[in-house]
Amino acid sequence: MRIVKDALVRKNEILDVAEKLFCANGYDNTSTNDILAEIGIARGTLYYHFKSKEDILDAMIDRLLTETVSKAQKIALNDSVPVLERLTKTVLAVNVDSKTGSMILEQVHKPQNALMHSKMQEKMLSNLVPLFVKIIEDGISEGLMSTDYPEETIQMLLLYANTFFDDSMDFSKDEKKRMVEGFICNAETMLHMKKGSMLESMLPLFYR
């Protein structure tokens with residue numbers, strides 16, 4: 001057990017150093033030699049844990065997703081918080097606003113990393129959909145919304161939001177306003193909610 005623990009500690013140390021260098025110098029401008037020099041380990045030790053720089057980035061993505069899902073889970077499963085407030089706070093918990101997160105998103109949005117972006121999206125959806133389904137089911141129980149397909153509805157809304165509000169897409173102020181209003185209206189329609197009932201809780205998600 002001690003060997004496994006030590007290996008995990010070393011792996012996280014490498015990730016911590018790599019994150020620092022990637023954020024400071026950029027992913028493309030950081031080499032495995034830079035990482036080795038900063039942490040002071042042999043190349044064989046690095047390759048024992050990671051086969052390449054891309055493998056390191058992939059592990060960073062996994063660690064970021066684990067942390068993000070953990071934060072979202074604590075909020076989504078807290079039944080003491082009203083449904084719409086819980087929905088908003090869960091979405092906010094999912095948003096990546098750290099320097100490391102921004103660096104990772106910048107990389108996965110590059111055309112050459114399309115596969116990595118797809119894998120990240122798939123992992124995020126598989127972990128988050130059940131959390132949002134729980135909130136929707138609570139909303140249905142309280143009579144706030146209605147749908148026979150909570151899982152499918154959440155999948156569509158998450159994919160919709162991820163596609164049209166991707167950080168790599170630029171909109172004018174008027175275009176964004178229309179898209180935000182359209183998204184909220186469509187969400188209300190899909191969940192059979194009274195028009196405008198989600199407006200107050202959802203708008204802060206898009207204008208922060």
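User: Which helix gives the largest share of the lining of the largest pocket?

Analyst: To read a pocket, one can ask which elements supply its lining; in this predicted model, helix 7 supplies the largest share for the largest pocket, namely 8 residues.

User: How much space lies in the largest pocket, and which residues are the closest to its centre?

Analyst: The largest pocket holds about 1,300 Å³ of space, and among the 40 residues that line this pocket, Val91, Asn95, Ala161, Asn162 and Phe165 are the closest to its centre. Two or more lining residues come from each of helix 5 (83-94), helix 6 (99-108), helix 7, helix 8 (150-164), helix 9 (173-190) and helix 10 (199-206).

User: What classes of residue make up the lining of the largest pocket?

Analyst: Sorting the lining by class gives 28 nonpolar residues, 6 polar residues and 6 charged residues.

User: Turning to single residues, is Met120 buried or exposed?

Analyst: Burial is read from relative accessible area, with under 20% as the cut-off for buried; Met120 is therefore buried, since its value is 8%. Met120 sits in helix 7, which spans residues 114-141, and, leaving aside neighbours within four places in sequence, Met120 is in contact with Ile61, Leu65, Ile104, Leu105 and Val108. Of these contacts, Ile61 is 59 residues from Met120 in sequence, while their C-alpha atoms are 7.2 Å apart in space.

User: And where is Thr90 placed, and which residues does Thr90 touch?

Analyst: Thr90 belongs to helix 5 and counts as buried because its relative accessibility is 0%. Not counting residues up to four places away in sequence, Thr90 touches Ala72, Ile75, Ala76, Phe132 and Ile135.

Notes:
Residues are numbered from 1 along each chain as its sequence is written. This is a predicted model: local features need pLDDT of at least 70, side-chain atom pairs count only at pLDDT 80 or more; totals for chains, interfaces and linings use all residues. Side-chain values use heavy atoms; hydrogens and water are left out. Helices (H or I, at least four residues) and strands (E, at least two) are DSSP runs, numbered from the N terminus. Buried means under 20% relative accessible area, exposed over 50%, partly exposed in between (1.4 Å probe, protein chains only). Contact means heavy atoms within 4.5 Å. On a 1 Å grid over the protein atoms alone, a cavity is a set of points where a 1.4 Å probe fits but cannot get out, and a pocket is an open set with protein on both sides within 12 Å along at least five of seven lines; lining residues have an atom within 4 Å of a point. Grid points are joined across faces, edges and corners, and a volume is the space filled by probe spheres set on the points. Ala, Val, Leu, Ile, Met, Phe, Trp, Tyr, Cys and Pro count as nonpolar, Asp, Glu, Lys and Arg as charged, and the others, Gly among them, as polar.
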